[in-house]
Amino acid sequence: MKLDGRRRSNNVEDRRSSISAKTGIGGGIVGVVIFAVITFLSGGDMGDVVNQLLTQGNIVSSQTDYVPDAEDERLFDLASKVFAGTEDVWADEFRRQGWGEYRQPKLVVFHGSVSSACGQASSQVGPFYCSGDETVYIDLDFFKEMKSTIGGGGDFAYAYVIAHEVGHHVQHLLGTLDKAHNAMAGMSEKESNRMSVRLELQADFLAGVWANRDNAMFGSIEPGDVENAIDVAAKIGDDYLQRKAYGHEVPDAFNHGRSEQRARWLKLGISTGDPTRGDTFSPRYENL
């Protein structure tokens, strides 16, 4: 992904140097990372996710000073430039679509744990968007673990992760996120999970729209980038991760979508660049 000469967002807050709690859950780092990858694209209230982590296994907390290395600083630069790209793309797209003014979110880069309007969260929950403070939160170590644990990485794939979370912000501004969450409160667990899948697939689509428009503005996509991002989208499908974690699928527990669905909706966004083509709520669930 070409980012040379690109501006860095002014809406990025660096909290990596804060004293942070490093936590470990029984079962090893692979299990933790799989759990994080399963949950990192959820756009809901992180309090429930954090509480689930706190009630699982043995948790050890310690305070450590964080010293970024060269790769950490490179990833911070990448995140800042990608986030700036989402600002440019969605400000322009909101004008084009007549959606009013695009209200820019914040990006908080942390290490270990962080406090948000959605509650206290550790890096184990993965990147997330909190509508309470309109902020995307990310521990850059997630990118390293994503590459080593699920075998998917590359700068454009990392950009996809950030753009997906910003996609939840777009949903929030358009009222889609709150409407879906309100509906989920009165649903069974199975139906609530299905509504979550619709939200997540649309956020994948919106990440693809961003990629299309960002490339049109800046010529950012290089050969192999799209293929890498689609590969990552497939490797964070619920079916893929459940088989990896448990050896089998539990379809009623899907809350992000199958690998094929995630890759297909991301690809549709990239190919069309049209945010109005991403209706994941009208089709029958079986036809998503």
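These legends describe close-up views of a predicted model.

**View 1. The largest nonpolar core and the place of Trp90 in it.** The largest nonpolar core has 60 residues. Trp90, Phe143 and Trp210 are the members that touch the most other members. Setting aside residues up to four places away in sequence, Trp90 touches Tyr102, Val166, Val170, Leu206, Val209, Trp210 and Pro275. A second core, separate from this one, consists of nine residues, among them Val108, Val114, Val125 and Tyr137.

**View 2. Packing of helices H3 and H5.** Two packed helices are described by the angle between their axes and the distance between the axes. For H3 and helix H5 (residues 155-173), the angle is about 40° and the axes are 10 Å apart. H3 and H5 are therefore oblique to each other. The crossing of H3 past H5 is right-handed. On the H3 side, the contact is made by Arg74, Leu75, Leu78, Ala79, Val82, Phe83, Thr86, Trp90 and Phe94. On the H5 side, Asp155, Tyr158, Ala159, Ile162, Val166, Val170 and Leu173 take part. Val166 and Val170 of H5 are also among the residues that Trp90 touches.

**View 3. Helices H5 and H6.** The axes of H5 and helix H6 (residues 176-184) come within 4 Å and cross at roughly 85°. H5 and H6 are therefore roughly perpendicular to each other. His168, Gln171 and His172 of H5 form the contact with Thr176, Leu177 and Asp178 of H6.

**View 4. His169 within helix H5.** His169 is found in helix H5. The relative accessible area of His169 is 0%, and the residue is buried. Apart from neighbours within four places in sequence, His169 is in contact with Tyr102, Arg103, Gln104, Pro105, Tyr129 and Glu134. Tyr102 also appears in the list of residues touched by Trp90.

**View 5. The salt bridge between Asp88 and Arg7.** Side chains of opposite charge can pair when their charged atoms come close. The side chains of Asp88 and Arg7 meet in a salt bridge, with a distance of 2.9 Å from N to O. Asp88 lies in helix H3 (residues 70-97) and Arg7 in the segment before strand S1 (12-14), so this pair ties together parts that are 81 residues apart in sequence. Asp88 is partly exposed, at a relative accessible area of 25%. Arg7 is likewise partly exposed, at 36%. In total, the model has 25 salt bridges.

**View 6. Asp4 and Leu78.** Asp4 is found in the segment before S1. With a relative accessibility of 77%, Asp4 counts as exposed. Asp4 and Leu78 are 74 residues apart in sequence, while their C-alpha atoms are 9.8 Å apart in space. Leu78 is one of the H3 residues that contact H5.

**View 7. A salt-bridge network that includes Asp141 and Lys144.** Asp141 forms a salt bridge with Lys144, and the closest N and O atoms of the pair are 3.7 Å apart. Both residues belong to helix H4 (residues 141-150), where they are three residues apart and so separated by about one helical turn. An α-helix has 3.6 residues a turn, so residues three or four places apart point the same way. Asp141 counts as partly exposed at 24% relative accessibility, and Lys144 counts as partly exposed at 29%. Asp69, Asp72, Asp141 and Lys144 are linked in a network of salt bridges.

**View 8. The salt bridge between Glu249 and Arg258.** The side chains of Glu249 and Arg258 meet in a salt bridge with an N to O distance of 3.0 Å. Glu249 is partly exposed, with a relative accessibility of 29%. Arg258 is also partly exposed, with a relative accessible area of 30%.

**View 9. Pro127 in the loop between strands S6 and S7.** Pro127 is found in the loop between strand S6 (119-122) and strand S7 (128-130). Pro127 is buried, with a relative accessible area of 1%. Pro127 and Phe142 are 15 residues apart in sequence, and the distance between their C-alpha atoms is 7.7 Å.

**View 10. Helix H8 and what covers its buried residues.** In helix H8 (residues 225-235), the buried residues include Asp225, Ala229, Ile230, Val232, Ala233 and Lys235. Among the elements that cover the buried residues of H8 are H4, H5, helix H9 (238-246) and helix H10 (259-272).

Terms used. Residues are numbered from 1 along each chain as its sequence is written. This is a predicted model: local features need pLDDT of at least 70, side-chain atom pairs count only at pLDDT 80 or more; totals for chains, interfaces and linings use all residues. Side-chain values use heavy atoms; hydrogens and water are left out. A nonpolar core is a set of buried Ala, Val, Leu, Ile, Met, Phe, Trp, Tyr and Cys residues joined through side-chain atoms within 4.5 Å. Buried means under 20% relative accessible area, exposed over 50%, partly exposed in between (1.4 Å probe, protein chains only). Contact means heavy atoms within 4.5 Å. A salt bridge is a side-chain nitrogen of Lys or Arg within 4 Å of a carboxyl oxygen of Asp or Glu. Helices (H or I, at least four residues) and strands (E, at least two) are DSSP runs, numbered from the N terminus. Axes are lines fitted to C-alpha atoms, for helices over the stretch in contact, and angles run from 0 to 180 degrees between N-to-C directions. Angles under 35 degrees count as roughly parallel, over 145 as roughly antiparallel, 65 to 115 as roughly perpendicular and the rest as oblique. A crossing is left-handed if the near helix is turned anticlockwise from the far one by less than a right angle, and right-handed if clockwise.
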